[in-house]
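Reader: I am new to this structure and would like a close look at a single part of it. Please start from one residue and work outward from there.

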Amino acid sequence: MLDPARITEIADELLAADRDRTTVPLLTARNPDMTVEDAYAVQRLWADRAIEGGRRLVGRKIGLTSKVMQVATGIAEPDYGVILDDMVHESGAVVEFDRFSNVRIEVELAFVLAKPLTGPGTTIFDVLEATAYVVPALEILNSHIEMQGRTIVDTISDNAAMGAMVVGGTPVKPDAVDLRWVSALLYRNETIEESGVAGAVLGHPAMGVAWLADKLAQHGQSLQAGEIILAGSFTRPMWVERGDTVHAEYGPLGAITCRFA
C-alpha cells in the first residue's frame with residue numbers, strides 16, 4: 001500500500017487536473033507498487049473532496065463489464081466510480097465540450113434503485129427486486145490520466161474515467177422487458193458508429209449491479225435507495241469532437257440525443 005501522504009498527493013493532483021481540464025502522466029509509471037486498493041483509496045479521497053466542495057453523490061458507475069470494453073482497454077476486470085449531481089444531463093442537452101480533457105461515449109442502461117442493496121452475496125434477483133426502473137443512458141468518459149499504457153489502477157484512481165452521463169428514452173420496470181435483449185444503435189452526426197446488446201454486460205446488465213454491491217461491501221459501503229447505477233457499456237467507446245451530435249436508438253425504450261459545443 002502507498003503511504004497515506006502519497007495517496008493525498010495523487011488525489012490532489014487529479015482534483016487539479018479536473019479543475020484545469022488537463023491530463024497527468026501515468027500514475028503506475030510513477031508509483032510502480034500502487035495497488036487496486038490504493039487506487040480506490042485515491043478515488044474515495046477525490047470524491048470526499050468533491051462532496052466537501054458542494055457536489056452531491058447521486059449514484060455509481062460500473063466500468064469494464066463487457067468483453068468488448070475489456071478488449072478495447074486491455075483491462076480484464078470491472079471497476080467502479082461515483083456519479084455526482086453535476087454530471088447528470090437529460091436527453092437534448094448541449095454539453096460543454098471544454099468541460100472535459102477528452103470525450104468518448106458509451107451506451108448503457110441505468111438502474112434507479114427503490115431499495116438499498118448491501119453485499120456480499122448479492123444476486124441478480126436482489127437487484128431486480130430493489131430496482132424502481134431501468135432507463136437508457138449514455139456515459140461520457142473523461143480521462144485525467146494519459147491514456148496510452150493505462151492499467152486498471154490508473155483508471156480506478158481517476159474515478160473510473162467517469163465524466164458525465166445523459167439519461168433519456170423510456171423508463172421501464174425491470175420485469176417489463178428482457179433486459180438482456182435491449183439493443184442500441186449509436187450515431188455520431190447521423191452515421192451509425194457502434195451497436196450492441198445489453199446481455200454483453202456479464203450476461204445480464206443487472207449482474208453488473210450485483211457485482212458493484214458486493215465490491216462496495218469490501219470497502220464498507222453499500223448502494224442506497226434513489227441512487228442511479230450505470231450498469232456498464234455494451235459498445236466500444238466512441239470518440240467525440242466539438243460540434244458533434246450524438247444519438248442513440250434503443251428501440252422500444254426510446255432514444256437519447258445530445259450535442260457537444
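Reader: Is Glu190 buried or exposed, and why? Please describe the surroundings as well.

Author: The model is a predicted one. Glu190 counts as exposed because its relative accessible area is 77%, and the cut-off for exposed is over 50%. Glu190 sits in the loop between β8 (183-188) and β9. Although Glu190 is not a glycine, its phi is positive, at about 75°.

Ala161 can be set beside it. Ala161 is a residue other than glycine with a positive phi, near 60°. Its place is the loop between α6 (152-157) and β7. Ala161 is buried because its relative accessible area is 4%, and buried means under 20%.

From Glu190 the chain goes on to β9, which spans 191-197, and the loop between β9 and α7 (205-218) holds His204. His204 has a relative accessibility of 12%, so it counts as buried. Leaving out residues up to four places away in sequence, His204 touches Ile124, Leu128, Leu179, Arg180 and Gly199.

Next comes α7. Its buried residues include Pro205, Ala206, Val209, Leu212 and Leu216. Lys215 of α7 is buried too. Among the elements that cover the buried residues of α7 are the helices α3 (36-52) and α5 (124-130). The strands β1 (57-63), β2 (79-84), β5 (104-113) and β10 (228-230) are also part of that cover. After α7 comes Gly220, with a positive phi near 70°.

Two of the covering elements, β5 and α5, are linked by a loop that contains Pro120. The peptide bond between Gly119 and Pro120 is cis, with omega at about 5°.

Strand β2, another part of the cover, contains Leu84. The relative accessibility of Leu84 is 0%, which means that this residue counts as buried. Beyond its neighbours within four places in sequence, Leu84 is in contact with Trp46, Ala50, Ile51, Arg55, Arg56, Leu57 and Val58. Arg6 is 78 residues from Leu84 in sequence, and their C-alpha atoms are 25 Å apart in space.

Arg55, one of the contacts of Leu84, also helps to line the second largest pocket. That lining has 16 residues, and Asp18, Arg55, Arg99, Asn142 and His144 are those nearest the centre of the pocket. Two elements, α1 (4-20) and β7 (162-167), each give two or more residues to the lining. By type, the lining residues are 4 nonpolar, 5 polar and 7 charged. The space in this pocket is about 210 Å³.

The largest nonpolar core has 82 residues, and Leu138, Tyr250 and Phe260 touch the most other members. Not counting residues up to four places away in sequence, the contacts of Leu138 include Ile105, Val107, Ala164, Val166, Leu186, Val246 and Tyr250. Glu106 is also touched by Leu138.

As for the record, an unreviewed UniProt entry lists residues 91-260 as "domain: Fumarylacetoacetase-like C-terminal". Over residues 91-260 the chain is 16% helix and 34% strand. The C-alpha atoms at the two ends of this stretch are 12 Å apart.

Definitions and conventions: Residues numbered from 1 in each chain as written. Predicted model: local features only at pLDDT ≥ 70, side-chain atom pairs only at ≥ 80, totals over all residues. Heavy atoms only, no water. UniProt positions renumbered as here; feature names shortened; annotations may be inferred. Helix = DSSP H or I, 4+ residues; strand = E, 2+ residues; numbered from the N terminus. Buried < 20%, exposed > 50% of the residue type's maximum accessible area, 1.4 Å probe, protein only. Contact = heavy atoms within 4.5 Å. Core = buried A, V, L, I, M, F, W, Y, C linked by side-chain atoms within 4.5 Å. 1 Å grid on protein atoms, 1.4 Å probe; cavity = no way out; pocket = protein on both sides within 12 Å on 5 of 7 lines; lining within 4 Å. Points joined across faces, edges and corners; volume = space filled by probe spheres on them. Nonpolar A, V, L, I, M, F, W, Y, C, P; charged D, E, K, R; others polar.
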